[in-house]
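I am opening a fresh page for a structure I have not looked at before, and I will write down what I look up as I go.

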Amino acid sequence: MARYIFTRIITMIVVLWVIITATFFMMKALPGGPFASEKKIPETILRNIERRYKLDRPLSEQYFDYLKNVVQFDLGPSFRLQGLTVNQLIGKGFPISATLGGLSILVSLFVGVPIGIWAAIRHNGVLDRTASAFAVITAAAPSFVIASALQYFLAYKFKMFKAAGWGSPEQMVLPTLALCSFSLAWLMKLTRSSMLEVTSQDYVRTARAKGIPEMAIVWRHMLRNALIPVIASLAPLTAGILTGSFIIESIFAIPGIGRDFVQSISNRDYTVTLGMTVFFGILLVGFTLIGDICTALVDPRVRLDKEG
Amino acid sequence: MAAPVDSRFAPLGNRQATAERITTPPISFAKDAWRRFQTNKVAVFGLIMLLILLLASVFGPMFTKHTYSDQSILLANQGPSGEYWLGTDKLGRDLFVRILFGGRISLAVALFAGLVELVIGVVYGAVAGLAGGRIDNLMMRIVDIVDTIPSTIYVILLAVLLKPGLTSIFLAIGIIYWTGMARLVRAQVLSLKQQEFMLAARTLGAGKARLVFRHLIPNAMAPIIVELTFSIPRAIFTEAFLSFIGLGVSAPMASWGVLANDGLIALRTYPWQLAFPSIAIIMCTLAFNFVGDGLRDALDPKLRK
Amino acid sequence: MKPLLTIENLQTSFKTYAGDVQAVRDVNLTVHEGEVLAVVGESGSGKSVTMMSVMRLLAKNAKIQGQAFFNGQDLLALSEKEMRKIRGREIAMVFQDPMTGLNPTLTIGAQLREGIMLHMGLSKQEANKRAVELLNKVGVPEPERRLAQYPHEFSGGMRQRVMIALGLACDPRLIIADEPTTALDVTIQAQILELMKQLKKEMNTAIILITHNLGVVAGMADRVAVMYGGRVCEVGTVHQIFHEPRHPYTWALLRAIPRLDEHKRRLESIAGSPPNMLKPPGGCPFHPRCAHAMNVCTSEAPEMTEMGNQHRAACWLMHPDAPKVDFSQEVTKA
């Protein structure tokens, strides 16, 4: 187990390094500096700014400088928003995004998984068919469609919830619903098909032949095995929620880092884009690691196979 | 006295010839798969929808009264009417023909992105699978690393990096999303490499090229086609996402993503401007998903009847 | 010997989208206390489905008719709850593939304890003790340590021993073993069979041994039932079946066994292929492949003819009007 975790951590560090490096070089390759679209700036002022942001140093030096800063969690200042560092930006927006994202994940898990299990147990029953149909349609609609539909019908037309902003519970309902729709449908489908696969396994037949009651079989035999792929998928799930937040936060005018990220791209505020990408990378890598550890905890084959 | 011979007990004689007869006529794999596909009503429905969408997008704009860029400012933001079937947008352009045209763009982007994924993924996966051993290991580690990277973010960055426009979008999507195809192809190659029919073919004297083209690839095609069918809607989504962020194609050309984005701004007052492109996207995605599921079931050799 | 399980007029069919698959058509079998009954047949002959029908372990699309009397009760008429009390406790089943038959995420100890605690009401410690005894009995070394291990840490042969231990856990009166050695290496097969013989002697359990391997039958069985196309062709003691067989299918099976002690001759196979159970052939199911088939065989299914001493066969050749066949020639035909 220890060796497995150790290998995963090393892999994650390599991934992080790749992320940081790739992002850095991509940003440097972007056409037009951050001030390209400004009206003509006098040469000397331009030179000063460049010196301040160290843009006049050779590329390799800039790179190692940046690497050093990242390791110390210093993601640099924003080009556009005067006086604000990327760290501060993240500090302001992250708690909001985390709440939204966290809520969405919880809803997806606690609604999607049980429905998936129930649908599989009562295969081809009413719940199974409805849930599957719902999942198919939800999966076919891009998140902004769902978000807008919710906004239009539930906020504008029927005035049940607030359409924008963040802070009060009424404002939180629609964005959470919109954000979790895709992952909820996906988790439900995954759980359902995993359970269906487990039901036809030989060891379930053995348990039935032993006279074990059906509920005990579901709980002790089926769930443990069926949930393994679900747990393993938590990392990509979080990634999906993260990228989904870009759109949802923009549509619902929520001041989170998703919206900041989108704005930084259109503003060509490169340090912010760069810094946030690195931050997202760290976040996702962390979640992947947690997912791997959880999988090892639940599946003894993974855990013991990796031992020396 | 001999007992009367009961005709019931007259022997049937030697039926060796008929005993070894194979009862079902041989059908080629492709025909059998097509037959099975046809029995799946949902899949057939999806296929029909797909064909309609394709034909409408490709040929539709040639037959409409208005072109996608004709503006009539005075008639802006109108609802559906006899003249403008799906209404007009903020510049008075006919939404119907714009959606048809958008179909061309979105589908083209998705198709080309899929092809890029296919080429990179198939080459990478086939090399890894055929090489085996440490090279395979190394290549898979790389795939693992690429997978962990948040792809959408990199699609965005790449799209910003490359010159804005159609080509950069599908290149960006294809370059980032190939890993799924690579894994698939590698798994296929690995399992097929060891299967006995490959060994049998080699014993019969087949050379390496013949092995690859006549045996390996046809058997690997099925999951590749299925994966391609699913990667197309994903590309459409990603393209819509990029348009949302402002990285889509430039006006007056419009993909469904751009149309949806434009419609989003006017959601409160003119909701149909978002609704119609959204419906187009949903229908297209559903169609591809249905067809993909149907193909997956139809091409599974274990289900052959 | 008292009869333990009596199967009467069992018919099982499966509803599929292609039609009804008639897997079992009119099977009558009896197993007595303490005896080993081998049920022999090709894949698709209905031998597994017969036993799964009796245990009521088939899927919902299965239609079962007939009776199966065990201990005075008709198993097929019991409620699911009552049936669960019998499964694992009175009648146990050991399945074919030990690689997939055990839950990979539970320890061996947990899986052994499950049945013990349920049926025998023991506490966890008592169940553990019994589990260790069982593992000892089936020949798994270091049982205490093994209890805490997971299935993938056992070899194939060891896993099958564990499956047998699971079967024995609650001292059942009858064990149904469905091809228990087919998935194992030949040397392990021999070990497992030895084990089963030994256990049967010690515990006087009746065993129904489903197999397609006549060598296994010769080594273990008291009585043998030969099945084909969902019906029983012939039933008798091991001696009767091997030395005085009366059904053409039994003859073909015996001829098909490769012999090391005879002159080189062609390996005999049975021409043709197993019947399609969606549309089984009329009359006797074996007639398309039978060298002695007659007109009546294509239209009417033969009844079981008693030949004395509990030896029965279902074949029109037994009929007084049928052409005479020299039985002794049939098995040793070159």
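I start with burial: a residue is buried if 20 or more other C-beta atoms lie within 10 Å of its own, exposed if 12 or fewer, and partly exposed in between, with C-beta atoms placed from the backbone. By that count, I find that 40% of the 305 residues of chain B are buried.

I note that this is a predicted model, in which local features need pLDDT of at least 70 and side-chain atom pairs count only at pLDDT 80 or more, while totals for chains, interfaces and linings use all residues. Residues are numbered from 1 along each chain as its sequence is written, and chains are lettered from A and ligands numbered from 1 in the order in which they are written.

**Chain B and its partners**

I looked up the secondary structure, where helices (H or I, at least four residues) and strands (E, at least two) are DSSP runs numbered from the N terminus. Chain B has 12 helices and zero strands.

For contacts I use the rule that the C-beta atoms of two residues, placed from the backbone, lie within 7 Å. Among the contacts of chain B between residues at least 6 apart in sequence, 69% join residues at least 24 apart.

Where chains A and B touch, I find 29 residues from chain B and 32 residues from chain A. The elements of chain B that give two or more residues to its side are α5 (133-148), α6 (151-161), α10 (208-245), α11 (256-265) and α12 (272-299), and α12(B) gives the most, with seven residues. I sort residues into nonpolar (Ala, Val, Leu, Ile, Met, Phe, Trp, Tyr, Cys and Pro), charged (Asp, Glu, Lys and Arg) and polar (the others, Gly among them); the side of chain B that touches chain A then has 21 nonpolar, six polar and two charged residues.

Turning to chain C, I see 10 residues of chain B in contact with 14 residues of chain C, and the chain B side has five nonpolar, two polar and three charged residues.

**One residue of chain A**

D260(A) lies in helix α11 (residues 257-266) of chain A, and it is buried because 25 other C-beta atoms lie within 10 Å. Leaving aside neighbours within four places in sequence, D260(A) is in contact with L89(A), G93(A) and V272(A).

**The sheet of chain C**

Two strands pair if DSSP finds at least two bridges between them. In chain C, I find an open sheet of four strands in the order β2-β1-β4-β5, with antiparallel pairing. At its edges stand β2 (19-32) and β5 (73-74), each with a single partner strand, so one side of each is left without a neighbour in the sheet. Strand β4 (residues 62-70) of chain C pairs with β5(C) over two bridges, and F70(C) stands opposite Q73(C) in β5(C).
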